[in-house]
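Hi,

Here is the structure I promised to pass along. Have a look at it first, and then read my notes underneath.

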Amino acid sequence: MPVVIAEPCIDVLDGECVEVCPVDCIHTAEGERQFYVDPEGCIDCNACLLYCPVSAIFSTFELPEKWKHFEQINADFFLKKA
């Protein structure tokens, strides 16, 4: 997975990342508290990283250790939808 949305997004849901994503791979659902990146759709363009107002989006290589579990949380969101 090229990028992961982590804890700082929770309860913020600004949505600017969704607007700049060229491949429409950032989603949420009713009742969810954050956005999630589809690991199958992300092309690692990093546009979302530049526009996130709370710095919640990280490359998997730069994801802080305390938020490593968000990589699985993002992937699981899309498994539930399948």
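**Charges, fold and cysteines**

Let's start with the charges: the chain carries 5 positive and 15 negative side chains, and the centres of these two sets are 7 Å apart. Do keep in mind that this is a predicted model.

Now the overall layout. There are three helices and four strands in the chain, and starting at the N terminus the order is β-α-β-β-α-β-α. How big is the whole thing? Measured out along the principal axes, the C-alpha atoms fill a box of roughly 25 × 25 × 25 Å. The radius of gyration is 11 Å, which agrees with a compact globule, because one with 82 residues would come out near 12 Å.

On the contacts, take the ones with a separation of 6 or more: 67% of them in this chain are between residues 24 or more positions apart. As for the surface, the accessible part comes to about 4,800 Å², and carbon and sulfur atoms account for 50% of that. Of the 82 residues, 38% count as buried.

One residue I looked at is Leu-13, which sits in the loop between strand 1 (3–5) and helix 1 (16–20). Is Leu-13 buried or exposed? Neither, quite: its relative accessible area is 31%, so Leu-13 is partly exposed. What does Leu-13 touch, once its neighbours within four places in sequence are left aside? The list is Thr-28, Glu-32, Arg-33, Gln-34 and Phe-35. Take Glu-32 from that list: Leu-13 and Glu-32 are 19 residues apart in sequence, and their C-alpha atoms are 9.4 Å apart in space.

Then the cysteines. How many disulfides does the structure hold? The count is zero. Why is Cys-9 not bonded to Cys-17? The sulfur of Cys-17 is the closest cysteine sulfur to that of Cys-9, but the gap is 6.2 Å, and a disulfide needs the two sulfur atoms within 2.5 Å, so this is too far for a bond. Cys-48 is in no disulfide either, and its nearest cysteine sulfur, in Cys-42, is 6.1 Å away.

Cys-9 and Cys-48 can also be placed by their accessibility. Cys-9 has 6% relative accessibility, so Cys-9 counts as buried, the cut-off being under 20%. Cys-48 comes in at 8%, and therefore counts as buried by that cut-off.

Those are my notes; happy browsing!

Conventions:
Residues are numbered from 1 along each chain as its sequence is written. This is a predicted model: local features need pLDDT of at least 70, side-chain atom pairs count only at pLDDT 80 or more; totals for chains, interfaces and linings use all residues. Side-chain values use heavy atoms; hydrogens and water are left out. Helices (H or I, at least four residues) and strands (E, at least two) are DSSP runs, numbered from the N terminus. The radius of gyration is taken over C-alpha atoms; the globule rule is 2.2 Å times the number of residues to the power 0.38. Buried means under 20% relative accessible area, exposed over 50%, partly exposed in between (1.4 Å probe, protein chains only). Contact means heavy atoms within 4.5 Å. Accessible areas come from the Shrake-Rupley method with a 1.4 Å probe; for residues, only the protein chains shown count as cover. Lys and Arg count as positive and Asp and Glu as negative; His and the chain ends are not counted. The place of a charge is taken as NZ of Lys, CZ of Arg, CG of Asp or CD of Glu.
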